[in-house]
Amino acid sequence: MRKIYLLCFLFILSGLSAQKKDKLYPITIYEKAWQEKNNDARLKLIKSIWLEDSTFEDPSASIKGIAAFNNVIAEFYKKNPDAVLTSGAKVVKDNYVTWEWKVLDSKSNVIMTGRDFARLNGKGQVSKIIGFWDKEVTMSEADALKKLESENFNVVAQYFESVFKTKDFIKMSALIEDGAIYNQAEGLPYGGTYTGFTEWTKMFTKSAEFFSLEVEKEPTYFSDASKNEVIIYFTIKCTAKKSGKSLSMPISEHFDLKNGKITAIRPFYFDTKQFAEFLKSKK
């Protein structure tokens with residue numbers, strides 16, 4: 001008789017465990033969606049557990065629907081491209097689940113922690129997520145600016161490599177914001193204001209008619225992250241195509257950035273008048 005009671009008890013426990021696993025399925029997919037950086041793959045995951053009337057709320061967003069939730073995660077990875085998300089044990093009660101989570105950077109430093117509460121609809125989908133942040137462990141303003149500075153330096157370094165070394169205009173275009181402005185000194189034969197990447201390419205093409213160059217001294221980087229600005233200082237060696245003469249010239253370039261893209265560039269030549277005359281000189 002005792003064996004029968006024991007078997008019944010184990011059967012009930014097994015059933016409760018299965019119910020808990022079934023309830024945690026949408027949470028498992030939800031977490032996988034947060035860990036997925038590919039937009040299409042992430043959207044597929046979200047659609048499997050998210051409805052058009054499902055809602056997500058945390059200190060940064062209050063949204064409803066599939067596309068809006070996907071956009072929340074996409075924006076998170078724009079700001080934190082190297083983020084790693086981890087989570088703790090789940091507590092389940094009726095159709096509610098809660099758990100703690102952490103966001104780490106690529107060096108395993110804690111960026112922030114928090115707790116999520118989920119309401120499930122009992123059909124394998126999430127009805128509502130409410131997220132709470134522990135602001136005590138979020139990055140200080142100084143750390144946030146340092147991170148932003150590093151990200152901006154990386155964008156400018158990729159641009160510099162694309163323009164002056166690899167001539168990779170496809171990669172370069174991905175770094176430029178729509179409607180970005182390039183201001184060249186009016187005294188140069190290719191001087192003027194160029195708006196948008198298509199106009200930028202025309203400027204690069206026109207400048208190539210006058211000279212070829214090589215980087216003589218690699219850039220030094222300066223920044224005011226609070227203003228999303230980067231300044232680089234470097235030296236180029238130019239050969240004028242009309243005269244065949246060569247000239248070394250220090251240059252600084254001022255970059256404005258926003259959300260990881262370049263919005264404006266203004267180069268400054270050590271002696272713009274001398275450089276313009278050098279480009280126009282004949283043999």
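Biologist: Hello! In the lining of the second largest pocket, how many residues are nonpolar?

Modeller: Happy to start there, and please keep in mind that this is a predicted model. Three residues of that lining are polar and two are charged. The nonpolar ones number 17.

Biologist: Which element gives the most to the lining of the second largest pocket?

Modeller: Let's begin with the pocket itself, whose volume is about 390 Å³. Its lining counts 22 residues, and those closest to the centre are F164, F204, S207, F211 and L213. Two or more lining residues come from each of α4, α5 (169-173), β8, α6, β10, β12 and β13. With four residues, the top contributor is α6.

Biologist: Now for the interior. Which residues of the largest nonpolar core touch the most other members?

Modeller: That core has 38 residues. The ones that touch the most other members are Y159, Y190, W200, F255, I262 and F275.

Biologist: And which elements each supply at least two residues of this core?

Modeller: Both helices and strands appear on the list, so let's take the helices first: α4 (141-166), α6 (197-208) and α7 (272-280). The strands with at least two core residues are β8 (176-184), β10 (211-224), β11 (229-240), β12 (246-258) and β13 (261-269).

Biologist: How many residues are in the other core that lies apart from it?

Modeller: This separate core includes F69, L85, I111 and V126. Its residue count is 30.

Biologist: I'd like to look around W200. Which residues is W200 in contact with, leaving aside neighbours within four places in sequence?

Modeller: Contact here takes heavy atoms within 4.5 Å. By that cut-off, the partners of W200 are Y159, I176, A180, I181, Y182, Y194, T195, I262 and I265.

Biologist: Y182 is on that list. Which residue is the bridge partner of Y182 in β13?

Modeller: β8 has strand pairing with β9 (residues 192-195), antiparallel and over four bridges, and in β9 the residue opposite Y182 is Y194. β8 also pairs with β13, in the parallel sense and over three bridges. In β13, the bridge partner of Y182 is I265.

Biologist: Is T55 buried or exposed?

Modeller: T55 lies in strand β1 (residues 50-58). Beyond four places in sequence, T55 touches W50, I63, K64, S127, K128 and I129. Its relative accessibility is 16%, and the cut-off is under 20%, so T55 counts as buried.

Biologist: Two loop residues caught my eye. Is D94 buried or exposed?

Modeller: D94 is found in the loop between β4 (91-93) and β5 (96-104). Its phi is near 55°, a positive value in a residue other than glycine. The relative accessible area of D94 is 57%, and the cut-off is over 50%, so D94 is exposed.

Biologist: What is the relative accessible area of K167?

Modeller: K167 sits in the loop between α4 and α5, and its phi is near 55°, again positive in a residue other than glycine. K167 counts as partly exposed because its relative accessible area is 48%.

Biologist: Last one, on the whole chain. What share of its residues is buried?

Modeller: The secondary structure comes to seven helices and 13 strands. Among contacts between residues at least 6 apart in sequence, 48% join residues at least 24 apart. Of the 283 residues in the protein chain, the buried share is 37%.

Key:
Residues are numbered from 1 along each chain as its sequence is written. This is a predicted model: local features need pLDDT of at least 70, side-chain atom pairs count only at pLDDT 80 or more; totals for chains, interfaces and linings use all residues. Side-chain values use heavy atoms; hydrogens and water are left out. A nonpolar core is a set of buried Ala, Val, Leu, Ile, Met, Phe, Trp, Tyr and Cys residues joined through side-chain atoms within 4.5 Å. Buried means under 20% relative accessible area, exposed over 50%, partly exposed in between (1.4 Å probe, protein chains only). On a 1 Å grid over the protein atoms alone, a cavity is a set of points where a 1.4 Å probe fits but cannot get out, and a pocket is an open set with protein on both sides within 12 Å along at least five of seven lines; lining residues have an atom within 4 Å of a point. Grid points are joined across faces, edges and corners, and a volume is the space filled by probe spheres set on the points. Ala, Val, Leu, Ile, Met, Phe, Trp, Tyr, Cys and Pro count as nonpolar, Asp, Glu, Lys and Arg as charged, and the others, Gly among them, as polar. Two strands pair if DSSP finds at least two bridges between them.
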